[in-house]
Amino acid sequence: MADGNSITPRDWAAHPPLIHPDYKSTVKRGPTKPLVPIRHSLSELTGPVYGHESLAPLDNDLTKNGAKNGEALGERIVVTGRVLDELGRPQPNALIEIWQANAAGRYVHENDRHDAPLDPNFFGGGRAVTDAEGRYRFYTIKPGAYPWPNHANAWRPNHIHLSLFGPAFASRLVTQMYFPGDPLLALDPIFLGTPEGARNRLVSDFSLDVTEEGFALGYVFDIVLRGPRETPMEAGR
């Protein structure tokens, strides 16, 4: 995966810049001097990633894994896709962790002060491991939009955060998945910070085939690790 030593180079032109002025916090935390590449040693390339072998039955079902006295509230969705390399080959046994706001646009976190209700039956996080075909699958609630202090009347689009681990801790990709047709995408500096030609790689596809009749709408989001179709990483990577 993202080990820095593979033959195929990263498509850095597809990723957001480390400093994007419209995304104001990057100005404060982004590096101002050229980065110094450090080739990974054996310890970084083989260091363990914890969680692959310790998944609980409901880890990939966010509608139930935080339940106390019922299921989570909101629009149920299925999110699935494949993890692929630059040649389209499936990547099995990759650990994917997701986190998101609830249907009202609020995270279960002490720093989230958004004036929106918490759902006592929604934790907002989950994990899954890709199968032999590189496929993952989550059941969750469509996250709500929420305000943030980047600029006047700023709202984040509906999105899900994904953290992807390969065989070692250093092989990590952090990205966001958006939903098709969201009008807030055209106003969001985080989304717009991604080069225009790569933005569509962050937007999932609605799929009637994935949709489960009478239960949940389906969305497909493939993750490509390298090459010309590489999934963009978040700014500040």
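The following dialogue examines how terms are applied to the predicted model shown above.

Visitor: What rules govern the values for this model?

Guide: Residues are numbered from 1 along each chain as its sequence is written, and side-chain values use heavy atoms, with hydrogens and water left out. Because the model is predicted, local features need pLDDT of at least 70 and side-chain atom pairs count only at pLDDT 80 or more, whereas totals for chains, interfaces and linings use all residues.

Visitor: How many helices and strands does the protein have, and what makes a run count as one?

Guide: The protein has 3 helices and 11 strands. Both are DSSP runs numbered from the N terminus, a helice being H or I with at least four residues and a strand E with at least two. From the N terminus on, the order is α-α-β-β-β-β-β-β-β-β-α-β-β-β.

Visitor: Why is Asp59 called buried?

Guide: Buried means under 20% relative accessible area, exposed over 50%, and partly exposed in between (1.4 Å probe, protein chains only). Asp59 has 16% relative accessibility and therefore counts as buried. Buried residues make up 47% of the 237 residues in the protein.

Visitor: What makes the pair of Arg127 and Asp59 a salt bridge?

Guide: The term requires a side-chain nitrogen of Lys or Arg within 4 Å of a carboxyl oxygen of Asp or Glu. The side chains of Arg127 and Asp59 meet at 3.1 Å, N to O, so the definition is satisfied. Arg127 lies in strand S3, while Asp59 lies in the loop between helix H2 (42-46) and strand S1 (76-84), 68 residues apart. By this rule the protein has 4 salt bridges.

Visitor: How do you know that Arg89 and Asp85 belong among them, and is each residue buried or partly exposed?

Guide: Their closest N and O atoms are 2.5 Å apart, and the pair forms a salt bridge. Arg89, at 45% relative accessibility, counts as partly exposed, whereas Asp85, at 9%, counts as buried.

Visitor: Which parts of the chain does the salt bridge of Glu212 and Arg137 link?

Guide: These side chains meet at 3.2 Å, N to O. The pair links distant parts of the chain, Glu212 in strand S9 (residues 205-212) and Arg137 in strand S4 (residues 135-141), 75 residues apart. Glu212 is partly exposed, with a relative accessible area of 24%, and Arg137, at 31%, is partly exposed as well.

Visitor: Why do strands S3 and S8 stand at the edges of their sheet?

Guide: Two strands pair if DSSP finds at least two bridges between them. On this basis 4 strands form an open sheet in the order S3-S2-S7-S8, with antiparallel pairing. Strand S3 (125-129) and strand S8 (172-178) each have a single partner strand, so one side of each is left without a neighbour in the sheet.

Visitor: How do you know that S7 and S8 are paired?

Guide: Strand S7 (residues 159-165) is joined to S8 by 7 bridges, and the two run antiparallel. The count satisfies the requirement of at least two bridges, so S7 and S8 are paired. Within this pairing, Ile160 stands opposite Met177 in S8.

Visitor: What makes Phe206, Leu208 and Leu217 a nonpolar surface patch?

Guide: Patches are made of residues with over 30% relative accessible area and no salt bridge; like charges are joined within 9 Å, and nonpolar side chains (Val, Leu, Ile, Met, Phe, Trp, Tyr) within 5 Å. Leu217, in strand S10 (residues 216-220), has a relative accessible area of 33%, so the area criterion is met. Together, Phe206, Leu208 and Leu217 make a patch of about 300 Å², with areas from the Shrake-Rupley method and a 1.4 Å probe, where for residues only the protein chains shown count as cover.
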